[in-house]
Amino acid sequence: MVRYLKAQVEDWYDVCRGLTSWEERHLLDHSTPENLADHARRLDELELVGHWLSLPTQSSDFPDRATAELVQMALQDLKDRRALWHGTAPAERRKEILRSVFNEP
């Protein structure tokens, strides 16, 4: 069962990582209200699944610490993405962060 759960975590993590490409295509230069709403829905879904995955992996007797850490790291990344795209940071600060993350001049 641990092997199956690990595979599910890895699949979910791959989808989380793919969000970066989606953000580049739909938010970086085309940050419309519709795209932002779609992004928020994607984050909601990924965070919900991540929460489900965290329930067994955060148990003290879960045997695969690397998988447990991957779940926590990905959940934190999703929270950071939400803060970046949907938070209250000033627009100039967001642009600065985006330039550093996407290596834009």
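Author: A quick definition to start: buried means under 20% relative accessible area, exposed over 50%, and partly exposed in between (1.4 Å probe, protein chains only). This is a predicted model, where local features need pLDDT of at least 70 and side-chain atom pairs count only at pLDDT 80 or more, while totals for chains, interfaces and linings use all residues. Residues are numbered from 1 along each chain as its sequence is written, and side-chain values use heavy atoms, with hydrogens and water left out.

Reader: Thanks! Why is R82 called partly exposed?

Author: R82 has 24% relative accessibility, and partly exposed is the class between 20% and 50%, so the label fits.

Reader: What makes R82 and D44 a salt bridge?

Author: The term asks for a side-chain nitrogen of Lys or Arg within 4 Å of a carboxyl oxygen of Asp or Glu. For R82 and D44 the N to O distance is 2.7 Å, so the pair qualifies. R82 lies in helix α3 and D44 in helix α2, so the pair ties together parts that are 38 residues apart in sequence. Helices here are DSSP runs (H or I, at least four residues), numbered from the N terminus.

Reader: Why is D44 called partly exposed?

Author: Its relative accessible area is 42%, which lies between the two cut-offs, so D44 belongs to that class.

Reader: How do you know that R42 and D38 are separated by about one helical turn?

Author: R42 and D38 are four residues apart in helix α2 (residues 33-57). Their side chains also meet in a salt bridge at 3.4 Å, N to O.

Reader: How many salt bridges does a search of the whole structure find?

Author: Eight.

Terms used:
Helix = DSSP H or I, 4+ residues; strand = E, 2+ residues; numbered from the N terminus.
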